[in-house]
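User: Please take a close look at a single part of this model, and explain how that part sits within the protein as a whole.

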Amino acid sequence: MKFVSLRNGSSRSCAAALSVALVLGVAGGCGVESYETRMATTIEDLKHDNKFVGLDKTYTKLVAPGGEAAVAISPRLRLPVLFGRLAAYTAESADPEKGSERIPTNRLLPPPPLPGIPGFQETFELMIGSKVGTRPWHIYMGVVRHEPGSGGSAAELAKILDAAKAAQPDVPDLAWQDTPVLALRKGDASRVWKTLQIKSPQLFYMRGNEPGDLNGTFTIMVLNVPGKAPIGDHQIVIGSRLVSLANDLQRINEVLAASMGTLEIDPALPAAAPKPN
């Protein structure tokens with residue numbers, strides 16, 4: 001299944017909305033200065049909204065059923081639109097190729113030697129077009145809790161970085177990057193995620209064929225969520241992995257960033273604080 005580009009649709013919606021704004025501005029008889037201000041605001045609003053048109057309308061919880069006991073927050077976000085129609089894989093899921101067996105670990109999780117996903121919850125898999133045929137795009141979800149003041153968040157980042165360097169030894173200066181992500185709600189501050197990217201030969205499953213190594217790009221994004229006792233500190237971990245020759249890769253990255261911008265974090269229910277890991 002090819003990832004659907006929404007560039008043309010968003011351009012048409014932008015043009016239509018802009019035409020309405022022009023009519024309203026003229027009909028309202030506003031002065032030139034007021035009109036220009038309103039037009040500038042309308043254009044900026046449309047640019048903002050168009051960044052999120054490739055997302056599903058419903059929110060997906062990042063904590064899988066049964067995982068609530070280990071965390072004290074309930075994060076959710078809007079996935080890219082085609083992912084929103086898919087069921088997530090968990091450790092209990094059946095193998096998509098062999099329904100009588102469990103899903104292989106190196107399909108559920110990033111295959112070695114790639115870093116794992118701390119506090120792993122679930123995986124989404126979408127088949128997309130690429131220059132090497134139809135291949136999977138994986139999105140991994142993780143939420144992990146640390147005792148306040150324990151230094152657990154920093155230690156987790158260091159562990160992921162060490163594993164990333166081992167998986168990509170030809171990039172010895174690999175380091176976490178601070179990446180601001182535009183928020184869906186206008187006026188909300190951008191959240192700053194820690195991001196790493198690993199480009200290396202990676203194992204990919206191909207429906208109906210044996211898995212094999214292809215050049216892939218694995219992006220890990222971590223958001224630190226500080227908290228006081230009894231809630232504790234949390235880290236939200238999102239991994240994105242796909243072949244490096246995927247079609248429309250720039251658009252895929254834009255939609256993934258937009259998805260992260262929709263993140264909402266609520267207290268977990270029930271409110272009883274879980275034991276830290």
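The request concerns one sheet, and the answer then moves to helices and to a loop residue.

User: In which order do the three strands of the open sheet run, and what stands at the edges of that sheet?

Analyst: This is a predicted model, and the sheet is best read against the whole protein, which has five helices and nine strands. Along the sequence these elements follow the pattern α-α-β-β-α-β-β-α-β-β-β-β-α-β.

The open sheet has three strands in the order 1-2-9, and their pairing is antiparallel. Strand 1 (60-61) and strand 9 (264-267) stand at the edges, and because each has a single partner strand, one side of each is left without a neighbour in the sheet. Strand 1 is joined to strand 2 (residues 73-77) by two bridges in the antiparallel sense, and Lys-61 has Arg-76 of strand 2 as its bridge partner.

Helix 5 covers residues 249-261. At 1.5 Å a residue its 13 residues should span 18 Å, and since the end C-alpha atoms of helix 5 are 19 Å apart, the two values agree. The buried residues of helix 5 are Arg-251, Ile-252, Val-255, Leu-256, Ala-258, Ser-259, Met-260 and Gly-261. As background to such a list, an α-helix has 3.6 residues a turn, so residues three or four places apart point the same way.

Helix 2 (residues 32-50) offers a second case: with 19 residues, helix 2 reaches 27 Å from its first C-alpha to its last, close to the 27 Å expected at 1.5 Å a residue. In helix 2 the buried residues are Met-39, Leu-46, His-48 and Asn-50.

A loop residue completes the picture. Gln-168 lies in the loop between helix 4 (152-167) and strand 5 (177-181). The relative accessible area of Gln-168 is 6%, and because buried means under 20%, Gln-168 counts as buried. Leaving aside residues up to four places away in sequence, Gln-168 touches Leu-174, Gln-197, Ile-198 and Lys-199.

For the protein as a whole, 43% of the 277 residues count as buried. Of the contacts between residues at least 6 apart in sequence, 64% join residues at least 24 apart. The protein exposes about 14000 Å², and carbon and sulfur atoms supply 57% of that area.

Definitions and conventions:
Residues numbered from 1 in each chain as written. Predicted model: local features only at pLDDT ≥ 70, side-chain atom pairs only at ≥ 80, totals over all residues. Heavy atoms only, no water. Helix = DSSP H or I, 4+ residues; strand = E, 2+ residues; numbered from the N terminus. Buried < 20%, exposed > 50% of the residue type's maximum accessible area, 1.4 Å probe, protein only. Contact = heavy atoms within 4.5 Å. Areas by Shrake-Rupley, 256 points an atom, 1.4 Å probe, with all protein chains shown as cover. Pairing = 2+ DSSP bridges. Expected span 1.5 Å × (residues − 1).
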